[in-house]
Amino acid sequence: MTDKDNAVRVRGLVKRYPDKVAVAGVDLDIHRGEVFALLGPNGAGKTTSVEVLEGYRQADEGEISVLGVDPARGDRSWRARIGIVAQSSRDEAELSVAELVNHYAGYYPNPRDPDEVIASVGLEEKRKARTRKLSGGQRRRLDVALGVIGNPELLFLDEPTTGFDPEARRQFWTLIENLRTEGTTIVLTTHYLDEAEHLADRVGVIADGRMLEIATPETLGGRGARTARVSWLDADGAHEVRTDSPTAEVAALMARFNGEVPELEVRRPSLEDIYLDLIGKANVAAAAAVEAGVA
Ligand SMILES: Nc1ncnc2c1ncn2[C@@H]1O[C@H](COP(=O)(O)OP(=O)(O)OP(=O)(O)O)[C@@H](O)[C@H]1O
């Protein structure tokens with residue numbers, strides 16, 4: 001993969017705050033056209049990393065290229081190629097939804113159609129509502145609308161669906177899938193593992209400012225190779241076995257039951273199981289390092 005295929009290239013990113021190293025040497029490539037999810041506990045360094053990529057914060061160390069430009073030197077035309085949905089929203093309370101989206105469209109050389117964008121985030125019925133009268137979830141949808149109105153090549157979404165009801169979340173997922181199909185590169189942070197699993201081509205898990213692993217949701221932490229659990233029910237009650245060959249187990253059960261196996265389920269560890277495992281191991285390693293006096 002060449003640099004031309006990467007929307008983002010980061011090597012050795014370090015960002016320090018006065019009393020905290022928020023990002024402690026992160027390497028990251030985000031491919032053009034992919035959806036990349038950054039996962040990690042509260043305070044891990046996700047927002048700080050994203051803010052450096054957006055040009056909103058300056059890195060203390062590292063090489064950073066976003067759409068071929070160092071974000072610290074990004075000019076207006078570079079900014080117009082990027083969409084940002086930050087964690088906290090902007091406040092233009094006296095404008096209506098339609099006014100605000102149209103207003104933002106005016107900032108960009110090649111904006112999307114404001115009415116289509118309002119519809120795509122499910123705010124058609126709120127077109128004329130003052131933004132201060134929106135609910136928390138509706139305000140978040142408006143933030144997403146403002147992030148995509150400029151037709152960005154690269155879209156950053158920091159916890160975009162916090163406060164969404166399940167239906168709004170599904171609708172948002174469809175919007176992201178559509179943007180991806182159109183070729184937009186998308187970087188999102190989320191605490192919802194099902195969201196990462198549904199949307200992301202690849203995920204990166206960050207803890208205490210360090211990147212623990214980057215992989216597809218299917219292969220993170222060796223997930224694909226992890227032992228499966230096969231469970232079923234018979235006259236004696238519920239049964240469960242752990243096995244590396246679930247297909248053979250199911251075939252044996254089918255033969256035993258001579259057909260349908262009652263309540264049959266085959267489960268592999270969920271992305272959440274794997275994620276918690278990774279974070280747990282990182283905590284243990286950090287505690288051991290402190291004990292040994294190396295941290
Ligand atoms: N402006 C700031 N000044 C000082 N410290 C900060 C600042 N912003 C963040 N930090 C600290 O840097 C660390 C990383 O914070 P960051 O917001 O990047 O984490 P995060 O992974 O986005 O967390 P969350 O999931 O809670 O949003 C935290 O310890 C935080 O307290």
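A residue counts as near the ligand if its C-beta atom, placed from the backbone, lies within 6 Å of it. The model used in these exercises is predicted.

**Exercise 1. The ligand shell**

Task: list the residues that surround the ligand, then sort them by element and class.

Solution.
1. Collect the shell. The ligand is surrounded by Tyr-17, Lys-20, Ala-22, Gly-40, Asn-42, Gly-43, Ala-44, Gly-45, Lys-46, Thr-47 and Thr-48.
2. Assign elements. Strand 2 (20-31) and helix 1 (46-53) are the elements that give two or more residues to this shell.
3. Rank them. Helix 1 gives the most, with 3 residues.
4. Sort by class. The shell has 6 polar, 3 nonpolar and 2 charged residues.

**Exercise 2. The open sheet**

Task: work out the strand order of the open sheet, and name its edge strands.

Solution.
1. Read the order. Three strands form an open sheet in the order 2-1-4, with antiparallel pairing.
2. Find the edges. Strand 2 and strand 4 (61-66) each pair on one side only, and they are the edge strands.
3. Add the twist. From one strand to the next, the twist averages 15°.
4. Look at one pair. Strand 1 (residues 6-17) and strand 2 run antiparallel and are joined by 9 bridges. Lys-15 has Val-23 in strand 2 as its bridge partner.
5. Place the helix. Helix 1 lies across strand 1, strand 2 and strand 4. Helix 1 runs at about 120° to strand 1.

**Exercise 3. Strand 3 and its partners**

Task: decide whether the faces of strand 3 are buried or exposed, and identify the strands joined to strand 3.

Solution.
1. Set the cut-off. A residue is buried if 20 or more other C-beta atoms lie within 10 Å of its own.
2. Apply it. In strand 3 (residues 35-39), 5 of 5 residues are buried.
3. Recall the rule. Side chains in a regular strand alternate between the two faces of the sheet.
4. Split the strand by face. Val-35, Ala-37 and Leu-39 lie on one side, Phe-36 and Leu-38 on the other, and all are buried. Both faces of strand 3 are therefore covered.
5. Take one partner. Strand 7 (residues 185-189) runs parallel to strand 3, with 4 bridges joining them. Leu-188 in strand 7 is the bridge partner of Ala-37.
6. Take another. Strand 8 (residues 202-207) is also parallel to strand 3 and is joined to it by 4 bridges. Here Leu-39 stands opposite Val-205.
7. Recall how such strands are held. Strands of a sheet pair through backbone hydrogen bonds.

Conventions
Residues numbered from 1 in each chain as written. Predicted model: local features only at pLDDT ≥ 70, side-chain atom pairs only at ≥ 80, totals over all residues. Nonpolar A, V, L, I, M, F, W, Y, C, P; charged D, E, K, R; others polar. Buried ≥ 20, exposed ≤ 12 C-beta atoms within 10 Å, placed from the backbone. Pairing = 2+ DSSP bridges. Axes fitted to C-alpha atoms, helices over the stretch in contact; angles between N-to-C directions. Contact = placed C-beta atoms within 7 Å.
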